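Please open the structure in a viewer and keep the selection tool at hand. The tour below proceeds by selections, each followed by an account of what is found there.

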Amino acid sequence: MLAVIAHPSLGADRTAPNVSEEEGQPGPQVPGAAPAGDQRPMKACPDCAELVLAAARKCRYCGYEFRSAPAPAVANNGLLGLLLRGSAPRPTMPETLAQLGVELDPDERPAGFWLGRTQGSDGYVILTDARLFFIAGLRRSPGNPAPRQHSLDELAGAEIAGRHWKSNLVIHWLDSPDMRIDGLAPKDLRGLHAALVAQLERDRPR
């Protein structure tokens, strides 16, 4: 009597594993589907839309290479960070004047701001609709003198003396010595002179 030895068949219950070339990743039984029981996170290839392991750097179907996302920007601190973020908002004219020690009246409005020189001191010439100021020193410090100021009601006249870059502005006051301002750029000198003349015209009796 012949004995028949049955060899186990590779049926559905004893399927040989289908191993892919992607670092031992079991290949899906149905294209585009994750293997049964595989709980590893998957991602879709943006080129062929097949599912591959989330950690894969290259799609095993079409060869698409996944590029790493750029590292998050590191917060910049200090001067470099300030430069990279852009300049801070500029202060308003009233805020700048307050830093220089000039307090405007509630209804007073600034009209001009120039760099100039008077009596040998460099500083800021500030015109409002009510007063003219001169602040000595380009940097505010406790040792600086208080701002010089004149009410425009005391203005008696203004004239440009000299020529070109040597020009200066002579301002006449009713009850104070004349004020001579030089060191202004030509266009600034003309602008200040024109503003003072316009003030005189407004105050002139009609």
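**A four-stranded sheet**

Begin by selecting S5 and S6, which pair in the antiparallel sense over four bridges. The model is a predicted one. Within this pair, display Leu-132 and His-150: Leu-132 stands opposite His-150, which lies in S6.

Next, extend the selection to the whole sheet. Four strands form an open sheet, ordered S3-S4-S5-S6, and the pairing is antiparallel. Its edge strands are S3 (110-118) and S6 (148-151), each of which pairs on one side only. From one strand to the next, the twist averages 15°.

Now add H3 to the view. This helix lies across S3, S4 and S5 and runs at about 40° to S4.

**A three-stranded sheet**

Select S7, S8 and S9. These strands form an open sheet in the order S7-S8-S9, again with antiparallel pairing. Which strands are at the edges of this sheet? They are S7 and S9, each pairing on one side only. Neighbouring strands here are turned by 20° against each other on average, direction ignored.

Restrict the view to S7 and S8, which run antiparallel and are joined by six bridges. Leu-155 has Trp-173, in S8, as its bridge partner. With H3 displayed once more, the helix is seen to pack on this sheet, touching S7, S8 and S9. The direction of H3 makes about 150° with that of S7.

**The nonpolar cores**

In soluble globular proteins, nonpolar side chains tend to be buried together. For this model, select the largest nonpolar core, which has 18 residues. Those with the most contacts inside this core are Leu-132, Ile-171, Leu-192 and Leu-196. Which elements give two or more residues to the core? They are strands S4 (121-128), S5 (131-136), S7 (155-161), S8 (168-173) and S9 (179-181), together with helix H3 (186-203).

A second core, separate from the largest one, consists of seven residues. To locate this second core, display Leu-100, Ile-126, Phe-133 and Ile-135, which are among its members.

**Around Leu-132**

Finally, centre the view on Leu-132 and select its surroundings. Leaving aside residues up to four places away in sequence, Leu-132 touches Val-125, Ile-126, Leu-127, Arg-148, Gln-149, His-150, Leu-152, Ile-171, Trp-173, Met-179 and Leu-192. Several of these names have appeared at earlier stops: His-150 stands opposite Leu-132, Trp-173 is the bridge partner of Leu-155, and Ile-126 belongs to the second core.

Methods: Residues numbered from 1 in each chain as written. Predicted model: local features only at pLDDT ≥ 70, side-chain atom pairs only at ≥ 80, totals over all residues. Heavy atoms only, no water. Core = buried A, V, L, I, M, F, W, Y, C linked by side-chain atoms within 4.5 Å. Buried < 20%, exposed > 50% of the residue type's maximum accessible area, 1.4 Å probe, protein only. Contact = heavy atoms within 4.5 Å. Pairing = 2+ DSSP bridges. Axes fitted to C-alpha atoms, helices over the stretch in contact; angles between N-to-C directions.
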